[in-house]
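Let's take a walk through this protein, starting with the whole fold and then stopping at a handful of residues and helices. Keep the viewer open as you read.

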Amino acid sequence: MSRQAIVFRIGADDTRAVRPRLSGAHVTEIHYDGLADIDHLLGGMLGKLEKLSLQPSEMSLDLAVLAAAVTAADTRVERGVEAQDGWTRELEVCIPVRDQQTWVRATPLLEKTLNFLTGDIWTLSFRARSRSVERILEPFTETHAEKPTSVCLFSGGLDSFIGAVDLLAEGESVLLVSHYWDSVTSKHQEFCLTALAERFKDVPFYSVRARVGFAKGTVDGSLMENTLRGRSFLFFALAAMSADAIGGEITIHVPENGLISLNVPLDPLRLGSLSTRTTHPYYMARFNDLLAQLGLGCSLHNAYRHMTKGEMVEQCADQALLRAQAANTISCSSPANSRFSPDEERRQSKNCGHCVPCLIRRAALKRGLGEDGTEYQLVDLEATILDSKKAEGQHVRSFQIAIARLRSKPERARFDIHKPGPLVDFPNDWDDYEAVYRDGLEEVASLLENVEARPLD
């Protein structure tokens, strides 16, 4: 167990000694020479934006580079190896930036935001860029005749697909921003983008996708970490860089149903490793504070924060398209996990059908469409008694416990919604969040009405 520091170096002359703030940290250095390397680090985003005649500022570029460094630490420092309590790691990222003073002033906010998001203890260090890369982006004068008017996160999931459909149905000229690491997520994004392009031929919209990740062994002594609690920091940063490249006060749409966004722990053991805060209202508010402090004109907005996933399905602006394409979206928390059939032939990676996001998805499609053509690894929830000691039954049982607990004491909902994080920024929304929590659990309850999950002897 040890503290870990990731030091990014940019430019051949970035050679001065860097002393991490985190005392006794094991240091991993990652070197990038200049624009081409940085673009590769960010999945080609700079080149893809340039093809749209869009160029971000150095400030939003630094935010994206910081997010990549955070991703390196989050995905390549193993909790089980480096955390004293099996979960909380002590992590530092050190990066060179163009405007050091602005980033130093933003450090307390950044550390608080990341601590909340991932459950770790973060330390951030910023230094001035070396002379050769004092400016990374060369200004260009070419302009796009019709710039997008908004940005929307596009993960390939059901919620993001509905969010894109609703915007395009309104005639919004939107830039869809995606990032991925595994091929499963990439495949579903491509399916969904193709479907949107065919359906909305008369609506100008744009798409940029970035493959951002780090090889196993990037950090000495650690291979990889699968909890990925910091993934939305990278997603938001790439979207902010894209919005900044458009210019002006651009809205970044974050399509996420309220039940997942709140992610109230289903049982007392889910506060840490099993509860994510990737789109929690408190975290999104802090990220908007960061954007404002950095002088970026964009901001995050979740129009679906008070809706269940089933309501999103019911109210989608193009029901025919959704019915035809819902099965091509991915909602699973671990779609890349492979399973084996009895004859040991590898099955195709797909929605597992039994994790928390999959159960919410199944319930939503049952409510909103009355059918679900998705191929799940666990095909029939009702076919047998599920073992709560195994993955197939764990989350089903947790939902059943949470549903029973809330039904026995409905008034507890007003307190439960604050367990994942404070809703101090949204005092006027507490009734709405309470309602979406109640309705969301009842939505899942209708799916699990005839499903039994209990420990087996």
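What follows goes from the overall picture down to single residues.

Before anything else, keep in mind that this is a predicted model. The protein has 16 helices and 11 strands. Its C-alpha atoms fill a box of roughly 65 × 55 × 55 Å along the principal axes. How does that fit with the chain length? A compact globule of 457 residues would have a radius of gyration near 23 Å, and the protein comes out at 22 Å, so the two agree.

The contacts and the surface fill in the rest of the overview. If you take contacts between residues at least 6 apart in sequence, 77% of them join residues at least 24 apart. Of the 457 residues, 58% count as buried. On the outside, the protein exposes about 19600 Å², and carbon and sulfur atoms supply 48% of that. As for charge, there are 51 positive and 63 negative side chains, with the centres of the two sets lying 4 Å apart.

Now zoom in on Phe8, which sits in strand E1 (residues 4-10). Is Phe8 buried or exposed? Its relative accessibility is 0%, so it counts as buried. Leaving aside residues up to four places away in sequence, Phe8 touches a long list of partners. Among them are Ile30, Tyr32, Leu41, Val65, Cys94, Pro96, Arg127 and Phe214. Thr141 is another matter: it is 133 residues from Phe8 along the chain, and the C-alpha atoms of the two are separated by 30 Å.

One of the partners of Phe8 is Val65, and that number falls within helix H3 (residues 58-76). At 1.5 Å a residue, the 19 residues of H3 should span 27 Å; the end C-alpha atoms are 27 Å apart, so the helix agrees with the expected span. How many of the residues of H3 are buried? The count is 19 of 19.

Helix H8 (231-246) makes a good next stop. H8 has 16 residues and reaches 23 Å from first C-alpha to last, close to the 22 Å expected. H8 is mostly covered too, with 14 of its 16 residues buried. Just after H8 comes Gly247, which takes a positive phi of about 95°.

On the other side of H8, look at the loop between strand E7 (206-211) and H8, where you'll find Leu228. Most residues other than glycine have a negative phi. Leu228, though, has a phi near 50°, a positive value in a residue other than glycine. With a relative accessibility of 32%, Leu228 counts as partly exposed.

Further along, Asn263 also has a positive phi, about 50°, although it is not a glycine. Asn263 lies in the loop between helix H9 (258-262) and helix H10 (281-293). Is Asn263 buried or exposed? At 13% relative accessibility, it counts as buried.

The last stop is Gln325, in helix H12 (residues 319-325). Gln325 has a relative accessible area of 18%; the cut-off for buried is under 20%, so Gln325 counts as buried. Setting aside residues up to four places away in sequence, Gln325 touches Phe161 and Ala195.

How values were computed
Residues are numbered from 1 along each chain as its sequence is written. This is a predicted model: local features need pLDDT of at least 70, side-chain atom pairs count only at pLDDT 80 or more; totals for chains, interfaces and linings use all residues. Side-chain values use heavy atoms; hydrogens and water are left out. Helices (H or I, at least four residues) and strands (E, at least two) are DSSP runs, numbered from the N terminus. The radius of gyration is taken over C-alpha atoms; the globule rule is 2.2 Å times the number of residues to the power 0.38. Buried means under 20% relative accessible area, exposed over 50%, partly exposed in between (1.4 Å probe, protein chains only). Contact means heavy atoms within 4.5 Å. Accessible areas come from the Shrake-Rupley method with a 1.4 Å probe; for residues, only the protein chains shown count as cover. Lys and Arg count as positive and Asp and Glu as negative; His and the chain ends are not counted. The place of a charge is taken as NZ of Lys, CZ of Arg, CG of Asp or CD of Glu. The expected span of a helix is 1.5 Å times one less than its number of residues.
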